[in-house]
Amino acid sequence: MAEMIGPRLYCCCNCRNHVALHDDVISKAFQGRNGRAFLFSHAMNIVMGPKEDRHLMTGLHTVADVYCSDCREVLGWKYERAYEETQKYKEGKFILEKSKIVKENW
């Protein structure tokens, strides 16, 4: 009999709290503070910090850092606002740094 396998998940590297679904990955070609990062349409079990304007590689954005809701590890950020028209698709999306997440159920 086949085993029941759940969805492929990404978890906090520190405490293994579930933070995102593989199905919500939009792109794996992003840059975070510490290297490669993934753009997600949704994230879960996170806490958001205050909004602030940051000059990123693609221009000025309003972002809020996102933290694991269990251990408070900084995982990345949420794009709240993009000031350049070509970057508007990022609004409401999440950057999670590859070095801060691990795979589960793969």
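User: In this predicted model, in which segment does Asn105 lie?
Analyst: The model is a predicted one. Asn105 is partly exposed, at a relative accessible area of 36%. Its place in the chain is the segment after strand S9 (101–104).

User: What is the phi of Asn105?
Analyst: Most residues other than glycine have a negative phi. Asn105 is not a glycine, yet its phi is positive, at about 65°.

User: Which loop holds Asn45, and what is the phi of Asn45?
Analyst: Asn45 is in the loop between S4 and S5. Asn45 is partly exposed, because its relative accessible area is 37% and partly exposed covers the range between 20% and 50%. This residue other than glycine has a positive phi, near 55°.

User: How many salt bridges does the structure hold?
Analyst: Side chains of opposite charge can pair when their charged atoms come close. The cut-off applied here is a side-chain nitrogen of Lys or Arg within 4 Å of a carboxyl oxygen of Asp or Glu. By that criterion the number of salt bridges in the structure is five.

User: What is the N to O distance in the salt bridge of Asp65 and Arg33?
Analyst: The side chains of Asp65 and Arg33 meet in a salt bridge. This pair links distant parts of the chain, 32 residues apart, with Asp65 in strand S6 (residues 59–68) and Arg33 in the loop between strand S3 (25–32) and S4. Asp65 is buried at 13% relative accessibility, while Arg33 is partly exposed at 44%. The N to O distance is 2.9 Å.

User: How far apart are the closest N and O atoms of Asp65 and Arg54?
Analyst: Asp65 also forms a salt bridge with Arg54. Asp65 lies in strand S6 and Arg54 in strand S5 (residues 46–56), so the salt bridge ties together parts that are 11 residues apart in sequence. Both residues are buried. Their closest N and O atoms are separated by 2.7 Å.

User: Which residues are linked in a network of salt bridges?
Analyst: Asp65 has a salt bridge with Arg33 and another with Arg54. The network also takes in Glu52. Its members are Arg33, Glu52, Arg54 and Asp65.

User: With which residue does Lys88 form a salt bridge?
Analyst: Lys88 is partly exposed, with a relative accessibility of 29%. The closest N and O atoms of the pair are 3.5 Å apart. The partner is partly exposed, with a relative accessible area of 29%. That partner is Glu91.

User: How far from Asp24 is the nearest side chain of opposite charge?
Analyst: Asp24 lies in the loop between strand S2 (18–21) and S3. Leaving out residues up to four places away in sequence, Asp24 touches Leu39, Phe40, Ser41 and His42. Asp24 is buried but has no salt bridge. The nearest side chain of opposite charge belongs to Lys93, and the distance is 11 Å.

User: Is Val63 buried or exposed?
Analyst: Val63 sits in strand S6. Beyond its neighbours within four places in sequence, Val63 has contacts that include Pro50, Leu56, Trp77 and Tyr79. Since its relative accessible area is 0% and the limit for this class is under 20%, Val63 is buried.

User: What separates the C-alpha atoms of Val63 and Glu80?
Analyst: Glu80 is among the residues in contact with Val63. The two are 17 residues apart along the chain. Their C-alpha atoms are separated by 5.2 Å.

User: With which residues is Glu84 in contact, leaving aside its neighbours within four places in sequence?
Analyst: Glu84 is found in the loop between strand S7 (74–82) and strand S8 (94–97), and is partly exposed at 40% relative accessibility. The C-alpha atom of Phe40, 44 residues apart from Glu84 along the chain, is 20 Å from that of Glu84. The contacts of Glu84 are Thr58 and Gly59.

User: Which residues gather in a patch of positive charge on the surface?
Analyst: One of them is Arg36, which lies in strand S4 (residues 35–40). Arg36 is partly exposed, with a relative accessible area of 43%, and a patch residue needs over 30% and no salt bridge. The patch is made of Arg8, Lys28, Arg36, Lys98 and Lys103.

Note on methods:
Residues numbered from 1 in each chain as written. Predicted model: local features only at pLDDT ≥ 70, side-chain atom pairs only at ≥ 80, totals over all residues. Heavy atoms only, no water. Patch = residues over 30% accessible without salt bridge, like charges linked within 9 Å, V, L, I, M, F, W, Y side chains within 5 Å. Areas by Shrake-Rupley, 256 points an atom, 1.4 Å probe, with all protein chains shown as cover. Lys, Arg positive; Asp, Glu negative; His and termini not counted. Charge placed at Lys NZ, Arg CZ, Asp CG, Glu CD. Helix = DSSP H or I, 4+ residues; strand = E, 2+ residues; numbered from the N terminus. Buried < 20%, exposed > 50% of the residue type's maximum accessible area, 1.4 Å probe, protein only. Contact = heavy atoms within 4.5 Å.
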